[in-house]
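Work through the exercises below with the model in view. Try each task before you read its solution.

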Amino acid sequence: MSAAVLEQGEDAFRKIFRLYRRKNPPADLSGVLEYRPGESRLRGAELCVGAVTDQDAARVGLQPLHQWSAYHVDGYPGFLFIVNPFLPGWQHRWVRQCLKRYPRKPNVCNLDLHMSLDGDLWGLSHAQLRKKSSQGRSEKTLLEKLRWVTLGLHYNWDTKKYYREHQSPFPVDLAELSRCVSLACGFQNFKAEAGILNYYRMDSSLGIHVDESELDHSSPLLSFCFGQSSIFLLGGLSRDVAPTPMMMHSGDIMVMSGASRLLYHAVPRILRHPGGGVLPPCLSVSPSSDERDALLEPCSPADWEVCESYLLSSRINMTVRRVLEEGGSFPAEGDTLHIKATQGDTYHVEDDESEGVKRVRTTVKD
Ligand code: OGA
Ligand code: MN
């Protein structure tokens, strides 16, 4: 039976998920929404251009707000898509943070149980990755086995909750990037409290899910994409609603808020950038070395060589969430919870042909 045919008991979302997940024959991508002018399902979105100064935007590598292109999609109120608003040469610094800085302690990642307490994925992988770019395939590096990192309030994959007792300082640079984006979108009270970073290889997918663990659903969920492209499926409040497939490219930002905050969504497929180059053009430029007031240090050419080698077959996504409402607190059960040290060998980005389920746990494969 073809993947496009609804199997018994299969919901409309899963049917479309399977269609785009399929490799052979590859799915027809002509119905996938691209964010560009003239696309009939899109409406230009007004941003609050006065809410962030050009200087503040530049400190985190964003263009002045009046230069951004942002869109709403018909039928999805509260969903906003910002087409790569990063300054040339600046995504490099965010990618370097995702690979070199954020996987380190006190942040939590899927490989924690495989490493010593101060395990340094970058330190253990960079020489090998740099060699790979010139010498073809060899064994996977630890960085290539990285699937998720949690920041701030650490999401617990087992209980699907956040706990007051399990948190570490949220990275200042990513909090500031999130502040700028949320202000631009008209959210004055956003606080970056939790981050989930997803690391995808070319055969990875992210299962069908709703991000409902946060206690504050009135705040937006921010999502930042780097590296290879992907198909994002945006559905409805139930899995019986067929999702809209859309393309996400490096640098793009998605904001799920209001009526779209709790919609089902998934990433069935990672795709090489359609331009034909090995990296998308926005990453093919040299890393910016501009230091004026910048919140992130420049990405050195040596570090970029490692990032570039990694990104040839990877996509990185950072999601940033507010967990608590203004003045809100955790439910009492959080007080007594003992966090189990099980996170080291679980992750929710899947690497094989299995299909997406809600926040699935899988064991790391070599
Ligand atoms: C998530 C998520 C989407 C993506 O982490 O909750 O939906 O594009 N990520 O990786
Ligand atoms: Mn999500």
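**Exercise 1. A helix and its cover**

Which residues in α3 are buried?

Solution. Keep in mind that this is a predicted model.
Step 1. Find helix α3 at residues 91-101.
Step 2. Apply the cut-off: buried means under 20% relative accessible area.
Step 3. Read off the residues that pass. They are Gln91, His92, Arg93, Trp94, Val95, Arg96, Gln97, Cys98 and Leu99.
Step 4. Draw the conclusion. Nine of the eleven residues of α3 are buried, so the rest of the structure largely encloses this helix.

**Exercise 2. Two helices that meet**

Describe how α3 and α8 are placed relative to each other, and list the residues that meet.

Solution.
Step 1. Locate the partner: helix α8 covers residues 301-311.
Step 2. Take the two numbers that matter. Two packed helices are described by the angle between their axes and the distance between the axes.
Step 3. Here the axes come within 10 Å and cross at roughly 80°.
Step 4. Classify the angle. The range 65 to 115 degrees counts as roughly perpendicular, and α3 and α8 are therefore roughly perpendicular to each other.
Step 5. Name the contacts. From α3 come His92, Val95, Arg96, Leu99 and Lys100; from α8 come Asp303, Trp304, Cys307, Tyr310 and Leu311.
Step 6. Sort them by class. The contact has six nonpolar, one polar and three charged residues.

**Exercise 3. One residue of α8**

Is Glu308 buried, exposed or partly exposed?

Solution.
Step 1. Place the residue: Glu308 is in helix α8.
Step 2. Check its relative accessible area, which is 32%.
Step 3. Compare with the cut-offs: under 20% is buried, over 50% is exposed, and in between is partly exposed. Glu308 is therefore partly exposed.
Step 4. Now relate sequence to space. Glu308 and Gly227 are 81 residues apart in sequence, yet their C-alpha atoms are 8.9 Å apart.

**Exercise 4. The sheet of nine strands**

Give the strand order of the nine-stranded sheet, then find its edges and the helices on it.

Solution.
Step 1. Trace the order: β1-β2-β3-β11-β8-β13-β6-β5-β4, an open sheet with antiparallel pairing.
Step 2. Find the edges. β1 (42-44) and β4 (108-109) each have a single partner strand, so one side of each has no neighbour in the sheet.
Step 3. Look at one edge pair. β1 and β2 (residues 69-73) pair over three bridges in the antiparallel sense. Leu42 has Val73 in β2 as its bridge partner.
Step 4. Add helix α6 (residues 172-184). α6 packs on the sheet and touches β3, β5, β8, β11 and β13. Its direction makes about 115° with that of β8.
Step 5. Add α8. This helix lies across β6, β8 and β13, at about 100° to β13.

**Exercise 5. The sheet of five strands**

Which strands form the five-stranded sheet, and in what order?

Solution.
Step 1. Trace the order: β10-β9-β12-β7-β14, open and antiparallel.
Step 2. Mark the edge strands, β10 (244-248) and β14 (349-350).
Step 3. Check an inner pair. β9 (residues 229-234) and β12 (residues 265-271) share five bridges. Leu234 has His265 in β12 as its bridge partner.
Step 4. Place helix α1 (residues 12-21). α1 touches β7, β9, β10 and β12, and its direction makes about 10° with that of β12.

**Exercise 6. The whole chain**

How many helices and strands does the protein chain have?

Solution.
Step 1. The count is eight helices and 14 strands.
Step 2. Add the burial: 56% of the 366 residues are buried.

Notes. Residues numbered from 1 in each chain as written. Chains lettered and ligands numbered in written order. Predicted model: local features only at pLDDT ≥ 70, side-chain atom pairs only at ≥ 80, totals over all residues. Heavy atoms only, no water. Helix = DSSP H or I, 4+ residues; strand = E, 2+ residues; numbered from the N terminus. Buried < 20%, exposed > 50% of the residue type's maximum accessible area, 1.4 Å probe, protein only. Pairing = 2+ DSSP bridges. Contact = heavy atoms within 4.5 Å. Axes fitted to C-alpha atoms, helices over the stretch in contact; angles between N-to-C directions. Parallel < 35°, antiparallel > 145°, perpendicular 65-115°, else oblique. Nonpolar A, V, L, I, M, F, W, Y, C, P; charged D, E, K, R; others polar.
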